[in-house]
Amino acid sequence: MSLNKIFMLFSFFFYGIAPIIQYQNGTTLWGGPSFDGKDYLKLNVIIINILLLYQLFYSIFGKLRLTAFPPKKNTSISNKRILLISILGFLVTFAAYDFNASSLMLRSRTSILESGTLKLILSNFIRPIPAVCLLLFKAYDRKDKKVEAILMLSCILSNFPLGAPRYYVATIYIALMITYVKRFESDYLLLNKAVVGGLLILFPILDQARRITSISDLVFRLDFAMFNQGHFDSYQMFMRVISDDIITYGKQLLTTVLFFVPRALWPGKSVGSGHFVSGLSRLSFSNISMNFFGEGYINFGYFGIMLFILLIAYTNARLDKRFHLVRHQNKLFSCIYRLLLGLEFFILRGDLLSSFAYTLGLVCCTLFVHSCVSTENDVSTQSLPVVKKL
């Protein structure tokens, strides 16, 4: 398993299958000017070069040395603390949904919080706490079955698959699946099969959860028409940015990095890139994605695409190498890495403003929980050696 593998799976579906179906059906998502064969040909040439350069840089960065970890005390976790933090996370989440189980378990229902800062803190920092607690409990190989059962129940109730956004469900449950099924570490193709199965079978079910008001309304079926719908608009939004030559010279990236600054203090703060392009191109819907490399173009043109290739190749290569080297020694990093596997899909589909904020929120949640539940023994461990090659 690796971030590189997730990158390639994303490319297969979002740069391969979806565009073919959309081109054959003459589909133009979200309205706006239609695309012709030249637009598809131009973007396909760009994407082929992106994939080739990504693999080249991933290989180069993967051969670089990793810095050694400094000596530190042997860390463990407290069962009592992790149980308390998990239950508190669940109760706060449940309270935000007015102690209504149906509202918590179905995405068509909403919390009592209006959209804004408090709702973002709830969804990206508080709600994941029970899932993070369970991941840390398993990472530290704790053996208390009663504690594990309570943590699992708290996790499922707080993060019921039909009650959360699809990217969030994928992030949480991919991490848990890999943690519980050790075969993922040895079977090279198992993660591929799981992601493909989830995309073809579970994705349509989770899409229904946005509209239904009862679990009995669910219909189990394979729905290949989804590739011709807005769920897979990443390719066309990338094409829209290039065909309309939309460049903001870093404004969108600055908004992403400073996402935490309120609009009241920054009146000129931009909206997400999908929303931004929707307004310029007069599309029929504004809450839409923006491809990761489209984010590069919208900021700095073709130079931006190259910059974002380097960024994702470096990040994936370094994190993949470090995980396979220290996954048994560094439990905290191991948990964060497993969460990043699902988030990679969200980051690549975009937009970057949302994915960056949500990723940072989930990482901060993991760091916070670990700091609350960890304990240090007096026995020091040796630092890991600098690795020349893997």
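**Exercise 1. Overall composition**

Of the 390 residues of the chain, what percentage count as buried? State also the secondary-structure content and the exposed area of this predicted model.

*Solution.* Step 1: the buried share is 50% of the 390 residues. Step 2: the chain has 15 helices and 2 strands. Step 3: about 18,800 Å² of the chain is exposed, and carbon and sulfur atoms supply 65% of that area. Step 4: contacts can be sorted by separation along the chain; among those between residues at least 6 apart in sequence, 77% join residues at least 24 apart.

**Exercise 2. The nonpolar cores**

Identify the residues that touch the most other members of the largest nonpolar core, and the helix that gives the most to it.

*Solution.* Step 1: the core comprises 96 residues, and Phe232, Phe238, Phe293 and Val369 touch the most other members. Step 2: helix H14 (residues 331-349) gives the most to this core, namely 13 residues. Step 3: apart from this core lies another, of 7 residues, including Phe90, Phe94, Tyr97 and Leu122. Step 4: for Phe232, the partners beyond four places in sequence are Phe13, Phe14, Ala18, Gln22, Leu29, Leu199, Phe203, Met226 and Phe227.

**Exercise 3. A glycine in a loop**

Decide whether Gly230 is buried or exposed, and locate its contacts.

*Solution.* Step 1: Gly230 belongs to the loop between helix H9 (190-208) and helix H10 (234-243). Step 2: the relative accessibility of Gly230 is 15%; because buried means under 20%, Gly230 counts as buried. Step 3: leaving aside residues up to four places away in sequence, Gly230 touches Leu29, Trp30 and Arg349. Step 4: Gly230 and Leu29 are separated by 201 residues in sequence, yet their C-alpha atoms are 6.3 Å apart in space.

**Exercise 4. The surroundings of H10**

Determine how many residues of H10 are buried, and what they pack against.

*Solution.* Step 1: the buried residues of H10 are Ser234, Tyr235, Gln236, Met237, Phe238, Met239, Arg240, Val241 and Ile242. Step 2: these amount to 9 of the 10 residues of H10, so the helix is largely enclosed by the rest of the structure. Step 3: the buried residues of H10 pack against H1, helix H2 (37-62), helix H12 (273-281), H13 and H14. Step 4: after H10 comes Asp245, with a positive phi near 50 degrees.

**Exercise 5. Two helix pairs**

Describe the packing of H1 with H13 and of H3 with H15.

*Solution.* Step 1: two packed helices are described by the angle and the distance between their axes.

Step 2: the axes of H1 (residues 3-24) and H13 (residues 292-326) come within 9 Å, crossing at roughly 140 degrees. H1 is therefore oblique to H13. On the H1 side, Leu3, Asn4, Phe7 and Tyr15 make the contact; on the H13 side, Phe293, Ile312, Asn316, Leu319 and Asp320 do so. By class, this contact contains 6 nonpolar, 2 polar and 1 charged residues.

Step 3: for H3 (residues 79-96) and H15 (residues 352-373), the axes come within 8 Å and cross at roughly 140 degrees. H3 is therefore oblique to H15. The contact is formed by Arg81, Ile82 and Ile85 of H3 with Val369, Cys372 and Val373 of H15. These residues divide into 5 nonpolar, no polar and 1 charged.

Step 4: the pairs can be related to Exercise 2, where Phe293 and Val369 are among the residues that touch the most other members of the largest nonpolar core. Phe293 takes part in the contact of H1 with H13, and Val369 in that of H3 with H15.

Terms used
Residues numbered from 1 in each chain as written. Predicted model: local features only at pLDDT ≥ 70, side-chain atom pairs only at ≥ 80, totals over all residues. Heavy atoms only, no water. Axes fitted to C-alpha atoms, helices over the stretch in contact; angles between N-to-C directions. Helix = DSSP H or I, 4+ residues; strand = E, 2+ residues; numbered from the N terminus. Parallel < 35°, antiparallel > 145°, perpendicular 65-115°, else oblique. Contact = heavy atoms within 4.5 Å. Nonpolar A, V, L, I, M, F, W, Y, C, P; charged D, E, K, R; others polar. Core = buried A, V, L, I, M, F, W, Y, C linked by side-chain atoms within 4.5 Å. Buried < 20%, exposed > 50% of the residue type's maximum accessible area, 1.4 Å probe, protein only. Areas by Shrake-Rupley, 256 points an atom, 1.4 Å probe, with all protein chains shown as cover.
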